[in-house]
Amino acid sequence: MLKKFASSICVIALLAGCSSKKDDTDTVKIQDPVSSVNQTQETEENGNVAEEAKQLVETLGMSDTMDEPLVSAAVNGLFFQGDSSLTTDACVYLSKVAGNSDTVAVFATSKTEDVENAIQKYLDSTKANATEYFGEEVQKISDAVVESNKKQVILVIASDKDQAKTAVDSILK
């Protein structure tokens with residue numbers, strides 16, 4: 001049991017990264033290097049996902065416990081098995097506290113159903129890991145808020161589900 005716990009802490013530390021270099025970007029763009037007029041127009045219509053994600057983090061009082069937003073390769077790997085075609089823009093914050101599953105993610109997409117399915121797979125995997133190592137997080141993951149409109153999908157894993165749902169609804173209105 002102790003070996004599993006120590007191994008999980010090592011894996012989390014490796015996934016969190018060892019670099020002390022701070023990335024000055026607040027947004028994660030998941031686009032092909034050649035952008036088209038349609039992509040630019042779509043991003044403008046979707047709003048600024050980085051601002052919306054940051055607003056959710058602040059509204060939910062998570063600012064002190066969240067890492068910097070993930071880079072696009074990490075977002076694609078974590079949620080979409082490397083498929084960058086599902087979103088046009090994304091901003092994902094994960095908790096920097098070991099064993100804490102708090103997550104705020106905003107995805108700009110025209111493929112909301114595909115993104116929601118990918119998020120459900122992420123939640124199932126996260127819940128399975130939490131069951132094994134951090135049982136107290138299982139209910140929080142089960143109560144995750146996943147809401148969407150035709151342009152965005154938002155995921156929030158937080159201690160207060162009702163507050164999270166209210167905050168998400170205010171973004172998607």
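A nonpolar core is a set of buried Ala, Val, Leu, Ile, Met, Phe, Trp, Tyr and Cys residues joined through side-chain atoms within 4.5 Å. In this predicted model, the largest such core has 22 residues, among which Leu56, Met62, Tyr93, Val104, Ile154, Val156 and Val168 touch the most other members. At least two residues of this core come from each of α3, β2 (89–94), β3 (103–108), β5 and α7. A second core of 21 residues, separate from that one, includes Leu86, Val115, Ile119 and Ile141.

## Overall architecture

The chain has seven helices and five strands, and from the N terminus on these elements run α-β-α-α-α-β-β-α-α-β-β-α. Of the 173 residues in the chain, 39% are buried. Among the contacts with a separation of 6 or more, 65% join residues that lie 24 or more positions apart. The chain exposes about 9,900 Å², and carbon and sulfur atoms supply 51% of that area.

## Three helices and their buried faces

The table sets out the buried residues of three helices.

| Helix | Buried residues | Arc around the axis |
|---|---|---|
| α3 | Val49, Ala50, Glu52, Ala53, Leu56, Val57 | 165° |
| α4 | Val75, Asn76, Phe79, Phe80 | 95° |
| α7 | Ala164, Ala167, Val168, Ile171, Leu172 | 130° |

An α-helix has 3.6 residues a turn, so residues three or four places apart point the same way. In α3, the buried residues Val49, Ala50, Glu52, Ala53, Leu56 and Val57 cover an arc of only 165° around the axis, which puts them on the same side of the helix. The N-terminal end of α3 is capped by asparagine 48, which has a side-chain oxygen 3.0 Å from the backbone nitrogen of alanine 50. Just after α3, glycine 61 takes a positive phi of about 70°.

In α4 (72–80), Val75, Asn76, Phe79 and Phe80 are the buried residues, and because they cover an arc of only 95° around the axis, they lie on the same side of α4. Glutamine 81 comes just after this helix and belongs to the loop between α4 and β2. Most residues other than glycine have a negative phi. Glutamine 81, however, has a positive phi near 50°. With a relative accessible area of 60%, above the 50% cut-off, glutamine 81 is exposed.

Helix α7 comprises the 12 residues 161–172, which at 1.5 Å a residue should span 16 Å, and its end C-alpha atoms are 16 Å apart, in agreement with that expectation. Ala164, Ala167, Val168, Ile171 and Leu172 are buried in α7; seen down the helix axis, the buried residues fall within an arc of 130°, so they line one face. On the other side of α7, Asp162 and Thr166 are exposed. The cover over the buried residues of α7 includes α3 (49–59), β4 (145–148) and β5 (152–157). Aspartate 160 caps the N-terminal end of α7, with a side-chain oxygen 3.2 Å from the backbone nitrogen of aspartate 162.

## Contacts of valine 156 and alanine 144

Leaving aside residues up to four places away in sequence, valine 156 touches Leu56, Leu60, Thr103, Val104, Ala144, Val145, Ala164 and Val168. One of these partners, alanine 144, is placed in the loop between α6 (138–142) and β4. Is this alanine 144 buried or exposed? Its relative accessible area is 17%, under the 20% cut-off, and alanine 144 is therefore buried. When residues up to four places away in sequence are not counted, alanine 144 touches Leu123, Leu155, Val156 and Ile157. Leucine 123 is 21 residues from alanine 144 along the chain, and the C-alpha atoms of the two are separated by 8.1 Å.

## An exposed loop residue

Aspartate 64 is found in the loop between α3 and α4, and at 68% relative accessibility it counts as exposed. Although aspartate 64 and lysine 96 are 32 residues apart in sequence, they are 9.0 Å apart in space, C-alpha to C-alpha.

How values were computed. Residues are numbered from 1 along each chain as its sequence is written. This is a predicted model: local features need pLDDT of at least 70, side-chain atom pairs count only at pLDDT 80 or more; totals for chains, interfaces and linings use all residues. Side-chain values use heavy atoms; hydrogens and water are left out. Helices (H or I, at least four residues) and strands (E, at least two) are DSSP runs, numbered from the N terminus. The expected span of a helix is 1.5 Å times one less than its number of residues. Buried means under 20% relative accessible area, exposed over 50%, partly exposed in between (1.4 Å probe, protein chains only). The arc is that of the directions from the helix axis to the C-beta atoms. Contact means heavy atoms within 4.5 Å. A polar contact is a pair of N or O atoms within 3.5 Å; within protein, one must be able to donate a hydrogen and the other to accept it, and residues adjacent in sequence count only if both atoms are side-chain atoms. Accessible areas come from the Shrake-Rupley method with a 1.4 Å probe; for residues, only the protein chains shown count as cover.
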